[in-house]
Amino acid sequence: MDLYLSGKTALVTGASTRGCGGAIAAALAREGVAVAITARRLESLKELARKIKAEGCIEPVVLAADLYDPETPERLAAQARRQLGRVDILVHAAGGRREVPLDAPREKWEEGMVLNFFPSARTHARATPRDDRA
């Protein structure tokens, strides 16, 4: 299937060999997208990069990072822009699932935001600055 993405660039977080991030990165690469992949485990990223390259796709940029560290989103976005030239597509598949009942204490809700929302928002803001948007 041609999604007309050839020549685009993407940063995919949570792109390990297991889970949806890795599958999304591989699918984008098959569409001709230059991909930067990131996750906490460097070996998993290297394995995914080898698989993508073995399929005849552009070898992904490998950026090991832990988005739970509050300084990581800015650094990661800068690295991706430097390596790719720009970031056209951002897929945030990092994070985790936490069951939070509606009546859970505020701390539980904040933990979910720290894990899943804030890193995504900060990475997006730095990877796709307003002056680059069409």
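Good morning. I begin with Phe118, which is partly exposed, at a relative accessible area of 37%. The model I am describing is a predicted one. Phe117 is likewise partly exposed, with a relative accessible area of 44%.

These two residues bring us to aromatic contacts, of which the structure holds one pair. The ring centres of Phe117 and Phe118 lie 5.6 Å apart and the planes meet at 65°; since angles over 60 degrees count as edge-to-face, the pair is edge-to-face.

Let me turn to helix 3, residues 72-84. At 1.5 Å a residue, its 13 residues should span 18 Å, and the end C-alpha atoms are indeed 18 Å apart, so expectation and model agree.

Which residues of helix 3 are buried? They are Thr72, Pro73, Leu76, Ala77, Ala80 and Leu84. Because these residues cover an arc of only 125° around the axis, they sit on the same side of helix 3. In general, an α-helix has 3.6 residues a turn, so residues three or four places apart point the same way. The cover over the buried residues of helix 3 includes strand 1 (9-13), strand 2 (34-39), strand 3 (61-64) and helix 4 (106-127). Just after helix 3 comes Gly85, with a positive phi of about 95°.

My last residue is Val33, in the loop between helix 1 (20-30) and strand 2. Is Val33 buried or exposed? Val33 is buried, with a relative accessible area of 1%. Setting aside neighbours within four places in sequence, Val33 is in contact with Leu5, Lys8, Thr9, Ala10 and Leu28. Glu47, 14 residues from Val33 in sequence, lies 18 Å from Val33 in space, C-alpha to C-alpha. Thank you.

Methods: Residues numbered from 1 in each chain as written. Predicted model: local features only at pLDDT ≥ 70, side-chain atom pairs only at ≥ 80, totals over all residues. Heavy atoms only, no water. Helix = DSSP H or I, 4+ residues; strand = E, 2+ residues; numbered from the N terminus. Expected span 1.5 Å × (residues − 1). Buried < 20%, exposed > 50% of the residue type's maximum accessible area, 1.4 Å probe, protein only. Arc of directions from axis to C-beta. Contact = heavy atoms within 4.5 Å. Phe/Tyr/Trp six-rings, centres within 6.5 Å; stacked < 30°, edge-to-face > 60°.
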